[in-house]
Amino acid sequence: MGRVTERRKVLRIRDGAVSTRPDTLVAEEPLEIRLDGKPLAITMRTPGDDFALAAGFLVSEGVLARASDLQNIVYCAGATADGSNTYNVVDVKTAPGATLPDFTLERNVYTSSSCGLCGKASLDAVRTTTRWPIADTPAVRVTPELLASLPERLRAAQRVFDRTGGLHAAALFTEDGELLDIKEDVGRHNAVDKLVGRALQNGDLPLSRTLLLVSGRASFELAQKAVMAGVPVLAAVSAPSSLAVDLAAETGLTLVGFLRGSSMNVYAGEDRIALRESADRG
């Protein structure tokens with residue numbers, strides 16, 4: 001849709017000098033996701049790649065697993081009282097015969113740009129069984145040197161961040177470090193959904209030979225999204241949460257945090273990290 005940024009007038013103070021000027025801000029608008037005509041979730045997102053976002057969200061919820069599960073995605077006309085289209089409501093239509101999960105569990109399906117899906121009735125409602133167990137995927141081995149090179153490449157590819165300074169990003173790399181795709185959004189969980197949704201639409205799931213890098217921290221929800229998409233390695237430039245580490249350990253996900261320069265912490269799945277034999281694992 002192209003509503004990625006907006007302009008606002010600001011009062012600028014620099015070393016005592018005061019001026020007014022326009023500033024470029026990242027856009028944030030609600031997106032309602034409907035499933036076969038029924039409201040399912042609302043997320044605050046940066047407009048753009050909305051269909052991919054909705055598809056990726058439904059992969060993480062266990063609804064979609066392959067392109068054939070999806071019939072189509074459309075913007076809903078008449079989203080306002082006067083019948084105009086806000087482009088803030090999408091309806092995901094599943095293919096005939098697609099098996100839908102039970103959505104009767106008590107849950108809060110409001111998502112925010114900061115925390116992702118909040119207020120789940122229980123962790124069991126989040127731990128949806130993946131279609132592609134990571135432990136069963138072909139072995140992927142990556143060196144610390146390759147991992148250390150990824151944040152700079154992620155940052156260099158963030159086009160909207162350069163204009164606003166206000167976006168998270170997520171990127172998919174091959175096991176050899178080739179950048180496959182990158183998405184930006186006010187919510188890093190949305191950026192991941194956009195990546196996964198695009199992969200679903202392209203018939204590329206599971207992402208069993210890829211690395212997922214996210215700006216900021218690695219929450220439980222981001223680890224869940226990686227597992228549901230079959231991603232074997234999740235790296236973050238900041239800290240993981242305790243639940244993200246627990247989920248990684250349970251599922252075999254390699255989880256790397258504090259990926260800054262040549263330093264990093266490996267919290268789970270260290271068998272995929274190709275260390276030198278002489279390295280001190282102390």
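This briefing describes a sheet, a helix that packs on it, and a pair of crossing helices. The model is predicted, with local features requiring pLDDT of at least 70 and side-chain atom pairs counting only at pLDDT 80 or more, while totals for chains, interfaces and linings use all residues. Residues are numbered from 1 along each chain as its sequence is written, and side-chain values use heavy atoms, with hydrogens and water left out.

**The sheet**
- Six strands (DSSP runs of E, at least two residues, numbered from the N terminus) form an open sheet in the order β10-β9-β11-β12-β13-β14, with mixed pairing, where two strands pair if DSSP finds at least two bridges between them.
- Because β10 (179-185) and β14 (263-268) stand at the edges with a single partner strand each, one side of each is left without a neighbour in the sheet.
- Strands β11 (residues 210-214) and β12 (residues 233-236) run parallel and are joined by four bridges, and leucine 211 has valine 233 in β12 as its bridge partner.

**The helix on the sheet**
- Helix α6 (residues 242-251; helices are DSSP runs of H or I, at least four residues) packs on the sheet and touches β13 (254-260) and β14, contact meaning heavy atoms within 4.5 Å.
- The direction of α6 makes about 60° with that of β14, angles running from 0 to 180 degrees between N-to-C directions of lines fitted to C-alpha atoms, for helices over the stretch in contact.

**The crossing helices**
- The axes of α1 (residues 50-60) and α4 (residues 188-201) come within 6 Å and cross at roughly 90°.
- Helices α1 and α4 are therefore roughly perpendicular to each other, a term for angles of 65 to 115 degrees.
- Among the residues that meet are Phe51, Leu53 and Phe57 in α1 and Val196, Arg198 and Leu200 in α4.

Methods. Parallel < 35°, antiparallel > 145°, perpendicular 65-115°, else oblique.
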